[in-house]
Amino acid sequence: MVTVPLPPALPRVLTRSAPRLLARAAARFPTRAAARSPLRWKPRVPSRRTFRFGVLGALLLPLALLPGTGWRTGAQAAAAPQAPAAPCGTPYRIDQAMPNGARWQMCWEMRNVEGLTLTKVVYTPRGNRAVSVLRTAALAQIHVPYDSGTPRYHDIGALGATAIPLQAVDCPGGARRGQFVCVTTRPRGHAYLKGGDGEPARTAQGRELVVFAAFQVGWYTYLVEWGFSDDGAITPRVGATGALSGFTTTPEHGWPIGVGRATFEESHSHNIFWRLDFDIQGKQDDVVEQYDFSGSGTAKRKISHTTFTREGKAVNSPMRWWRVVDPRVRNADGHPVSWEINNSESSQYRGPANEKFTQADLYVTQYRACERLATTNPSPGCATSVDRYVNGERITDPVVWVNVDFHHVARDEDGDTMPTHWQGFRITPRDVTAKNPY
């Protein structure tokens with residue numbers, strides 16, 4: 001058992017799930033490696049000043065890449081690797097072939113702290129060799145500050161213990177993995193459509209693999225979803241439903257709910273962080289770049305880019321995006337393989353001086369296993385929030401933290417049960433294939 005004293009700033013932090021749920025976490029979600037690990041989850045209810053966290057068991061076995069065609073590492077690719085042993089067993093392994101010939105492979109875990117976590121994510125475009133994309137991907141915090149200044153919740157600390165058992169109706173066309181995870185596929189609309197020249201239109205409908213879990217935190221139900229498209233795109237998003245808090249306030253901080261103007265439901269923000277450990281064909285040589293396009297108000301646009309050689313942060317800006325690229329891994333055209341990150345739909349919440357983690361929309365840090373959450377990080381010997389992880393260290397194995405914010409101003413339609421509102425971002429393959437993956 002490891003005891004982690006909270007720093008002086010954190011007694012004001014409210015974690016809705018931790019105090020009453022840590023005690024249930026280990027019993028509900030034993031890890032596959034727990035029996036072998038010398039440090040096992042055995043959480044207890046924390047005191048006001050102290051959280052007690054265990055340490056997760058051993059990591060999954062490394063995933064070698066599947067053989068195929070079309071990929072080169074450096075000037076010439078090495079011989080195609082042999083088919084690997086499965087990195088995880090049933091029911092934790094996901095292996096989904098898509099109608100267009102693409103394939104997604106990954107493992108899932110239900111971790112006590114982060115909840116649904118995906119590991120060893122591999123994408124195989126039609127007719128190409130498999131390429132690893134992510135070593136791990138998970139939520140890293142849901143920060144919920146209310147407009148009057150209080151309360152200010154941090155909803156991830158024992159998220160796994162709040163998982164809701166799913167019913168068959170929650171997983172249409174798919175399969176439930178245990179009680180808490182759904183794996184399914186669904187249409188995503190037109191993959192493409194091209195007409196003209198007097199020929200029949202060329203058209204195709206796309207599909208995506210969806211990995212989904214739901215969590216009850218206070219009055220909110222969070223729907224955590226990862227979409228993996230047949231064209232290689234990834235869409236992490238979270239839906240908030242359940243019920244309004246019932247916190248009432250004065251007109252300057254809320255919206256009238258119910259008859260007349262007697263009751264004002266307090267407005268608040270959902271500031272959601274994701275932690276993405278990219279490993280494009282392994283952890284070596286991955287680089288994070290920022291792209292900007294100047295010339296607003298003129299007839300021309302000029303592209304420029306900045307490379308994160310050291311830990312840093314960035315804010316959203318019109319015509320700005322980022323990518324994680326491995327310059328040694330190239331497609332058949334000789335272009336480096338990368339994944340583009342677009343976070344253009346955030347409301348860009350900025351909090352007070354003691355919430356510096358809200359001052360950026362993207363952070364890039366050097367990989368450290370103890371840096372797990374964007375705030376209220378439970379790991380001993382590690383900083384407590386993502387802004388403090390950034391200390392100028394040279395980047396050799398980047399981890400990307402994406403912050404997407406949504407300002408929730410209640411409306412009459414939010415009356416119990418509240419319709420789901422979604423927030424998320426998109427990760428798009430850039431030069432992963434040399435042509436349309438269909």
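## Accessibility and overview

A residue counts as buried under 20% relative accessible area, as exposed over 50%, and as partly exposed in between. Keep that scale in mind, because Arg186, at 27% relative accessibility, falls in the partly exposed class.

The model is predicted. The chain has 438 residues, and buried residues make up 52% of them. Two helices and 25 strands are found in the chain. The accessible surface comes to about 19500 Å². Carbon and sulfur atoms hold 53% of that surface. Now take the contacts with a separation of 6 or more: 65% of them join residues 24 or more positions apart.

## Confidence along the chain

How high is the mean pLDDT of the chain? The mean is 84, and 80% of the residues reach 70 or more. Confidence drops in some places. Over residues 1-13 the pLDDT is below 50. In the model, this stretch has 25 contacts beyond near neighbours in sequence.

Residues 18-84 also stay under 50 in pLDDT. The model gives them 157 contacts beyond four places in sequence.

## A hairpin: β4 and β5

Strand β4 covers residues 93-97, and strand β5 covers residues 103-111. The two run antiparallel, joined by five bridges. One bridge pairs Arg93 with Cys107 in β5.

Between the strands of this hairpin sit five residues. Look for Gly101 in the hairpin: this glycine takes a positive phi near 100°.

## Salt bridges around β10

How many salt bridges does a search of the whole structure find? The search finds 17. One of them joins the side chains of Arg186 and Glu208, with N and O 2.8 Å apart. Arg186 belongs to strand β10 (residues 181-194) and Glu208 to strand β11 (residues 202-217), so this salt bridge ties together parts that are 22 residues apart in sequence. Is Glu208 buried or exposed? Glu208 is buried, because its relative accessibility is 9% and the limit for buried is under 20%.

Arg188 forms a salt bridge with Asp230, and their closest N and O atoms are 2.9 Å apart. This pair links distant parts of the chain, 42 residues apart. Arg188 is in strand β10, while Asp230 is in the loop between β12 (220-229) and β13 (234-242). With a relative accessible area of 24%, Arg188 is partly exposed. Asp230 is buried, at 1%.

Arg188 also meets Asp231 in a salt bridge, at 3.5 Å from N to O. Asp231 lies in the loop between β12 and β13 and Arg188 in strand β10, so the pair ties together parts 43 residues apart in sequence. Asp231 is partly exposed, with a relative accessible area of 22%. Elsewhere, salt bridges that share partners join four residues into one network: Arg186, Glu208, Glu225 and Arg237.

## Nonpolar cores

The largest nonpolar core has 67 residues. Which residues have the most contacts inside it? They are Leu116, Trp226, Phe228, Phe278, Trp339 and Ile341. Strand β7 (residues 131-145) gives the most to this core, with seven residues. Another core lies apart from it and has 10 residues. Among them are Ala360, Tyr389, Val399 and Trp401.

Now turn to Ile341. Set aside its neighbours within four places in sequence. Ile341 is then in contact with Phe278, Trp321, Trp322, Val324, Leu362, Val400, Val402, Phe425, Arg426 and Ile427.

## Gly392 in its loop

Where is Gly392? Gly392 is in the loop between α2 (386-389) and β23 (398-408). Its relative accessible area is 29%, and therefore Gly392 is partly exposed.

Beyond its neighbours within four places in sequence, Gly392 is in contact with Arg310 and Glu311. Gly392 and Glu311 are 81 residues apart in sequence. In space, their C-alpha atoms are 4.9 Å apart.

Technical notes:
Residues are numbered from 1 along each chain as its sequence is written. Side-chain values use heavy atoms; hydrogens and water are left out. Two strands pair if DSSP finds at least two bridges between them. Helices (H or I, at least four residues) and strands (E, at least two) are DSSP runs, numbered from the N terminus. pLDDT is the predictor's confidence in each residue, from 0 to 100. Contact means heavy atoms within 4.5 Å. Buried means under 20% relative accessible area, exposed over 50%, partly exposed in between (1.4 Å probe, protein chains only). A nonpolar core is a set of buried Ala, Val, Leu, Ile, Met, Phe, Trp, Tyr and Cys residues joined through side-chain atoms within 4.5 Å. Accessible areas come from the Shrake-Rupley method with a 1.4 Å probe; for residues, only the protein chains shown count as cover.
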